[in-house]
Every structure is written in C-alpha cells, then in structure tokens.
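This report looks at how nonpolar residues are placed in one protein chain. Please look through the sequence and the structure before reading on.

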Amino acid sequence: MRSDDTIAAIASAPGAAEIGVIRLSGPEVVSITRHLLIDGDSVVPKSTAAMCYQGEFDLAHCGGRGRLPVQAYVWPTSRSYTGQPSVELRLIGSPPILEMMLEELFRLGARPAQRGEFTLRAFLAGRLDLAQADAVLGVIDAADFEQLQVALKQLAGGLSGLIGAARSELLNVLADLEAGLDFVDEDIEFIANDELLRRLTAARSQIEVLHQQAEQRMQSHTRQRVVLGGLPNAGKSTLFNALVGRDAALVSDVSGTTRDYLSLPLEWEGIEIELLDTAGWMHVADAIEQAAQEQRTEQLQRADLVVWCRACDLDAANLTLDQRLFEELSEKARTVLLVTTKCELATQPIETPWRVSAALNVGLSELQHAIMTALSQRQSAASELVGSTAARSRESLRTTIEALHRAEHATALRLGDELIAIEIREALEQLGQIVGAVYTDDILDRIFSRFCIGK
C-alpha cells in the first residue's frame with residue numbers, strides 16, 4: 001500500500017441510510033474533489049483552512065439524470081486524521097449512488113483503499129500509535145456501552161501514556177548507565193546501585209499491572225472467582241458455609257481439616273461468582289498436604305479476588321506469619337480483601353474494616369457487599385485494554401517483565417552495567433512494539449488486516 005497514492009472508500013455502514021460517507025486521503029484529494037463537483041473550482045476554492053463546502057454531483061457521469069447535493073468536508077493540509085490532505089463526501093445514503101460516485105472517483109485518479117489503510121496512514125504519520133489503532137477497531141466492534149468506553153479511553157491515550165511513562169523512565173535509567181560506561185576509567189558513578197535497583201523494581205511493578213490486565217482481559221470464564229484464603233483454622237470453611245447458606249464444607253476445630261478445595265457457583269446482586277474454600281497455609285508434612293498446598297496456590301493464582309481470613313484469636317507468632325503472607329499476596333498486584341473472622345472470640349478491639357462472626361451471623365451482609373464492590377472495581381481496572389490489544393501485547397509485556405527481572409538480578413549481584421543495559425534495551429524494544437515505536441511489516445499486517453475497508 002503506497003502512502004503517496006490518493007485512496008477512496010465508502011466509510012459509512014453498509015445498507016441504505018439518510019446519509020452516506022465517502023472518504024478520501026492523499027495528495028490529490030482537493031483536485032479530484034474539484035473535478036468531481038459541478039463548477040468545482042469555485043465550489044472548493046484554494047484554501048489552507050479546513051472547511052465544509054456545499055456542491056452538486058452531476059449524475060450524468062454515471063449514466064443518470066439530474067444533480068445530487070453533496071457536502072464536502074475538506075482538510076487541505078496534513079492536519080487531518082490521516083496526516084494527509086483529506087476529504088469526506090456526505091450525500092444521500094443510497095448504496096447504488098455511493099457506488100456510482102466511488103467509481104467516478106476511481107476514474108478521476110483515486111484508487112480503492114485497502115483494509116485499515118486510513119488508520120494505517122494515521123499511524124505512519126504519527127497521529128496514532130498502535131495501541132490507539134487497536135482502539136479504533138475496538139470502537140467499531142464495541143458490543144455495548146462498557147466496551148465502547150474502554151475503547152474510547154484507550155483511543156484517548158490511556159494505555160499509551162502508561163507505556164510511554166515506563167519507556168521514558170527506562171530510557172533515563174539507560175542513559176545514566178551508559179554515561180557511567182563512558183567515564184568508567186574516571187570511576188564516576190552516575191547512579192547509585194540501590195537507586196538503580198529501586199527504579200528497575202518500580203518500572204517492573206508498573207508493567208506487571210498491565211500484564212495482569214492483559215491476562216484478565218483474555219480470560220474466557222464468565223463467573224468471577226472469589227477464593228477464601230488464610231492460615232489453618234482461620235474459619236474459612238465456616239465462613240464459606242455461611243456465605244453459601246448451607247453446610248457445604250466440612251468444619252472442625254482441628255487445624256488442617258480442609259485438604260482439598262471446594263467450589264460452588266453463586267449469584268449475588270445479579271453477578272455470577274464462583275466461591276472457593278481452600279486449604280490453609282501450613283508446613284508440608286506428607287504427600288496429601290503437599291497436593292493440597294499446590295491446589296491452593298493454583299486457585300489463588302486464578303482468583304479474581306482473594307478474601308484473606310484472619311482469625312481474631314491468633315497468637316503473636318501466627319499473627320506475624322499471617323501478616324507476612326497477606327503482604328506477599330498484596331505485592332503481587334492481586335486483589336486481596338482482609339477480613340477478621342471469629343470476631344465473637346475477640347478480647348480487644350479489631351482494627352480491620354471487615355469483621356465477621358459466621359457463628360453469630362454478624363457482618364456477613366457487609367462482607368458480601370464489600371466483595372461485590374471489590375469485584376466491580378477490579379473488573380473496571382481489568383477492562384483498561386481492548387481485546388485485540390490484550391492479545392497482541394501480553395507476550396511483549398511478559399518478556400519485558402522477564403528482562404527487568406534479569407536486570408534487577410544483575411544489579412543486586414553487581415554483575416556489571418553492560419549486562420544491565422542489555423536487559424533494559426530488551427525491555428524497551430518489547431514496550432516499543434506495543435505502541436509502535438518499534439514495528440515490522442508483519443506486525444502492521446496483522447493489526448490492520450482486521451479492519452474493514454473505509455477505516
């Protein structure tokens with residue numbers, strides 16, 4: 001697809017309508033429009049300003065009779081969607097008439113536009129990046145208002161701004177490293193090792209959030225998974241039974257009674273969820289317990305929300321362990337809701353905002369509402385990416401995270417700025433592929449071949 005050709009295509013939806021749109025882009029659009037319209041030189045005067053002109057098209061060009069009113073929206077300079085002189089012709093939305101006018105435009109020197117060629121030209125002109133180009137398709141394909149809002153936010157540069165900020169920070173880190181390499185003989189340190197590690201870790205954390213959103217966007221399950229986690233004998237099974245409204249899980253005062261996970265589907269406030277009770281965190285003593293712990297880890301990794309159950313009667317040692325495990329889950333960007341259980345046994349004030357007594361039926365409705373609120377917020381956050389962007393970018397995001405992990409490892413072990421710089425360059429290249437700062441022809445083909453003609 002030659003970007004210096006003048007292209008034309010019908011840009012309105014198929015079928016009859018009150019108004020139809022034909023779009024043109026390229027260096028000859030103004031000249032072609034003048035030849036198309038009756039008395040076109042006076043109807044479309046020479047100007048550098050974007051204007052709307054009222055003209056007429058002679059149907060005799062297409063073997064018909066009479067004149068057809070046409071509105072010509074003309075962008076005569078590069079300040080258009082495609083970054084080229086552009087024209088949109090608006091006329092009666094009769095498919096045969098639109099096709100006849102399109103044939104006349106081809107006769108006057110335009111060529112048929114290919115799939116996505118208008119948006120491709122906008123990308124090549126720097127008017128859009130690849131993430132925004134994906135969003136254009138997301139707007140076209142949006143099946144409901146929520147999908148439309150996600151696509152519009154990405155089109156406005158939401159994702160591009162996050163990726164751009166991460167790339168900018170990594171470029172600054174790389175510049176500091178390479179400046180130090182230039183003065184290695186003078187033993188000048190442009191960035192301290194601790195500061196370098198901190199900045200790399202912060203950049204990786206930002207990318208991990210985007211990667212998690214991409215993974216969540218690609219998940220096909222409709223039910224949101226809510227997993228009860230915590231130490232053994234934290235009251236998870238009792239809480240599970242209270243939330244489902246029946247004795248589904250085995251309950252015992254013996255620590256480690258639950259060695260498998262139990263799952264039940266529920267519907268709360270019109271939202272379908274899957275509630276899971278898992279084995280508590282404990283020392284692995286035999287093969288059965290090891291299998292239980294592996295199942296617990298798998299379910300927590302797949303969870304949309306973890307409800308961390310903390311018994312109010314923990315001793316000091318177990319409270320310290322409980323807090324450490326809770327913080328580890330939270331650091332992985334997982335949505336974790338901390339709830340204090342067995343509050344009927346409390347001997348001092350409880351500081352956590354959510355507290356329940358499944359035995360006394362206290363706090364259950366408040367907890368249920370908190371779960372639904374957390375799921376709604378998480379679902380909103382998981383919808384920051386249109387589906388095509390998530391599918392295209394998640395591998396690049398994963399590779400970026402791995403490269404930054406290696407850079408952090410090399411920094412911690414002081415393996416040398418050269419090795420750290422190599423990993424940062426790999427991360428920058430992967431991020432560049434997402435927004436199109438780095439691209440190849442096959443990447444563009446995969447993206448724009450999914451568009452319809454005229455977009």
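L415 is partly exposed, because its relative accessible area is 46%, and partly exposed covers values from 20% to 50%. The model is a predicted one. L415 sits in the loop that links α13 and α14. On the surface, L415 joins L413, L419 and I422 in a nonpolar patch. Together these four residues have about 370 Å² of accessible area.

Other nonpolar residues are found in the interior. The largest nonpolar core contains 31 residues. Among those with the most contacts inside this core are I163, L170, L200, L397, I420, I424 and L431. The helices in the table each supply at least two residues of the core.

| Helix | Residues |
|---|---|
| α7 | 158-182 |
| α8 | 193-218 |
| α13 | 387-412 |
| α14 | 417-435 |

Which helix gives the most to this core? It is α14, with eight residues. For I424, leaving aside neighbours within four places in sequence, the contacts are L170, V173, L174, L177 and L200. Apart from the largest core lies another one, of 26 residues, including V29, Y53, L91 and A110.

Helix α6 spans residues 145-155, and its residues V150, A151 and Q154 are buried. These three cover an arc of only 95° around the axis, so they lie on the same side of α6. An α-helix has 3.6 residues a turn, so residues three or four places apart point the same way. Just after α6, G157 has a positive phi of about 105°.

Conventions
Residues numbered from 1 in each chain as written. Predicted model: local features only at pLDDT ≥ 70, side-chain atom pairs only at ≥ 80, totals over all residues. Heavy atoms only, no water. Core = buried A, V, L, I, M, F, W, Y, C linked by side-chain atoms within 4.5 Å. Buried < 20%, exposed > 50% of the residue type's maximum accessible area, 1.4 Å probe, protein only. Helix = DSSP H or I, 4+ residues; strand = E, 2+ residues; numbered from the N terminus. Contact = heavy atoms within 4.5 Å. Arc of directions from axis to C-beta. Patch = residues over 30% accessible without salt bridge, like charges linked within 9 Å, V, L, I, M, F, W, Y side chains within 5 Å. Areas by Shrake-Rupley, 256 points an atom, 1.4 Å probe, with all protein chains shown as cover. Salt bridge = Lys/Arg side-chain N within 4 Å of Asp/Glu carboxyl O.
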